[in-house]
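Visitor: I would like a close look at one part of this protein, namely the surroundings of a single residue that a database record marks out. Please take me through it step by step, and then show me how it sits within the rest of the fold.

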Amino acid sequence: MDIKISPSILSADFARLSADVDKVSGAEMLHIDVMDGHFVPNISIGTPVVKSLRKASRMFFDVHLMISDPLKYVGPFADCGADLITFHVESGSDPDAVIAAIREKGKIPAISVKPKTPAQAVYPYLDKVGMVLVMTVEPGFGGQSFMADMLPKIKALRQKAEELSLDLDIQVDGGIDLNTAPLVAQAGANVLVAGSSVFGSGDPAAMVEKLREAARAAYGRDR
Ligand SMILES: O=C(CO)[C@@H](O)[C@H](O)COP(=O)(O)O
Ligand SMILES: [Fe+2]
């Protein structure tokens with residue numbers, strides 16, 4: 001599997017967002033966290049920011065919706081420039097309807113599980129999405145510690161995808177740095193979101209390269 005790095009702008013400097021995004025243009029994706037203060041206890045950004053960023057960057061936009069009722073917002077985020085839209089299986093919308101709405105907009109659907117939700121909750125959708133996101137922290141905030149007890153969930157999902165002969169991207173989000181990148185890649189994750197480790201480093205571009213190398217060297221070693 002290709003290793004992809006998706007720097008999370010939640011840890012960028014919002015007053016200098018465009019300049020910070022340019023620093024990570026060597027990454028495969030740009031992770032954009034959308035929080036509504038209801039599904040998660042924090043509010044981040046919405047469509048106006050995505051729309052402005054779309055004019056400033058040609059990167060692949062990986063939009064992570066941490067919102068209730070995502071079905072209502074698929075259209076607006078797709079129209080603002082999202083390339084891939086992730087919603088949560090716990091969000092309250094019918095997953096099949098959300099997936100269909102994302103596909104209708106010509107975008108890639110992805111489904112996410114919070115730490116307390118078992119991998120099995122997304123098994124019925126694995127052949128309908130392009131990516132599954134395993135949260136490795138409770139969603140809502142950047143800079144939290146990686147939950148190592150999520151590693152078996154990543155392994156189970158990679159195993160299930162292989163059983164179904166699916167070339168599925170498995171993304172991880174939360175606490176990914178040079179220490180945890182090899183662990184998640186070893187378990188079968190190939191898309192790594194990283195916020196504070198990238199934008200908190202002196203050289204975000206170099207950190208993207210280092211994370212990719214660390215994940216590549218470890219990918220699938222567990223299996
Ligand atoms: O979705 C979220 C948090 O809910 C993330 O995308 C964070 O932005 C990741 O930040 P770090 O843990 O990498 O600092
Ligand atoms: Fe995220």
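Guide: Let us begin with the contacts of D33: leaving aside its neighbours within four places in sequence, this residue is in contact with S8, L10, S44, H64 and M66. Please keep in mind throughout that the model is a predicted one. D33 itself has its place in strand β2, which comprises residues 30-35, and with 25 other C-beta atoms within 10 Å it is buried, since 20 or more such neighbours are needed for that class.

The reason for choosing this residue lies in the record. An unreviewed UniProt entry places the feature "binding site" at H31, D33, H64 and D173. These positions span 143 residues in sequence, yet no two of their C-alpha atoms are more than 10.5 Å apart, so they gather at one spot. The annotation "active site", which also comes from an unreviewed UniProt entry, covers D33 and D173. Although this pair is spread over 141 residues of sequence, the two cluster in space, the largest C-alpha distance being 10.5 Å. Such annotations may be inferred rather than shown by experiment, and the geometry described here should be read alongside them with that in mind.

From D33 the contacts lead on to H64, a residue of strand β3, which runs over residues 61-66. H64 counts as buried, with 28 C-beta neighbours inside 10 Å. Apart from its neighbours within four places in sequence, H64 is in contact with H31, I32, D33, V34, T86 and D173, and this list includes H31, D33 and D173, which the record names together with H64 in its "binding site" feature.

The strands that carry D33 and H64 are also joined through their backbones, for β2 and β3 pair in the parallel sense over six bridges. One example of this pairing is I32, whose bridge partner in β3 is V63. As for β3, six of its six residues are buried, so the strand is largely enclosed by the rest of the structure. In a regular strand the side chains alternate between the two faces of the sheet. Both faces of β3 are covered, with F61, V63 and L65 buried on one side and D62, H64 and M66 buried on the other.

The other residue under the "active site" annotation, D173, lies in strand β7, residues 169-173. D173 is buried, having 27 other C-beta atoms within 10 Å. Not counting residues up to four places away in sequence, D173 touches H64, L133, M135, T136 and V193. H64 is thus in contact with D33 as well as with D173.

We can now turn to the ligand in the model. Of the 23 residues around ligand 1, those that come nearest are S8, L10, G142, G195 and S196. The elements that give two or more residues to this shell are β2, β3, β8 (191-194) and α7 (196-199), so that the strands of D33 and H64 are among the contributors. By class, the shell has eight nonpolar, 13 polar and two charged residues. S8 and L10, which are among the residues that come nearest to ligand 1, are also contacts of D33.

For contrast, consider T117, which lies in the loop between β5 (108-113) and β6 (131-135). With 16 other C-beta atoms within 10 Å, T117 is partly exposed, and beyond its neighbours within four places in sequence it is in contact with V89 and E90. The strand before this loop, β5, has five of its six residues buried, so it is largely enclosed by the rest of the structure. Five bridges join β5 to strand β4 (residues 84-88), and the two run parallel; within this pairing, S112 of β5 is the bridge partner of H88.

Finally, the whole protein gives these details their setting. It contains eight helices and eight strands, and 48% of its 223 residues count as buried. A compact globule of 223 residues would have a radius of gyration near 17 Å, and the 16 Å of this protein agrees with that. Of the contacts with a separation of 6 or more, 62% are accounted for by residues 24 or more positions apart, and the contact of H64 with D173 shows how distant parts of the chain are brought together at the annotated positions.

Key
Residues are numbered from 1 along each chain as its sequence is written. Chains are lettered from A and ligands numbered from 1 in the order in which they are written. This is a predicted model: local features need pLDDT of at least 70, side-chain atom pairs count only at pLDDT 80 or more; totals for chains, interfaces and linings use all residues. Helices (H or I, at least four residues) and strands (E, at least two) are DSSP runs, numbered from the N terminus. The radius of gyration is taken over C-alpha atoms; the globule rule is 2.2 Å times the number of residues to the power 0.38. A residue is buried if 20 or more other C-beta atoms lie within 10 Å of its own, exposed if 12 or fewer, and partly exposed in between; C-beta atoms are placed from the backbone. Two residues are in contact if their C-beta atoms, placed from the backbone, lie within 7 Å. A residue is near a molecule or strand if its C-beta atom, placed from the backbone, lies within 6 Å of it. Ala, Val, Leu, Ile, Met, Phe, Trp, Tyr, Cys and Pro count as nonpolar, Asp, Glu, Lys and Arg as charged, and the others, Gly among them, as polar. Two strands pair if DSSP finds at least two bridges between them.
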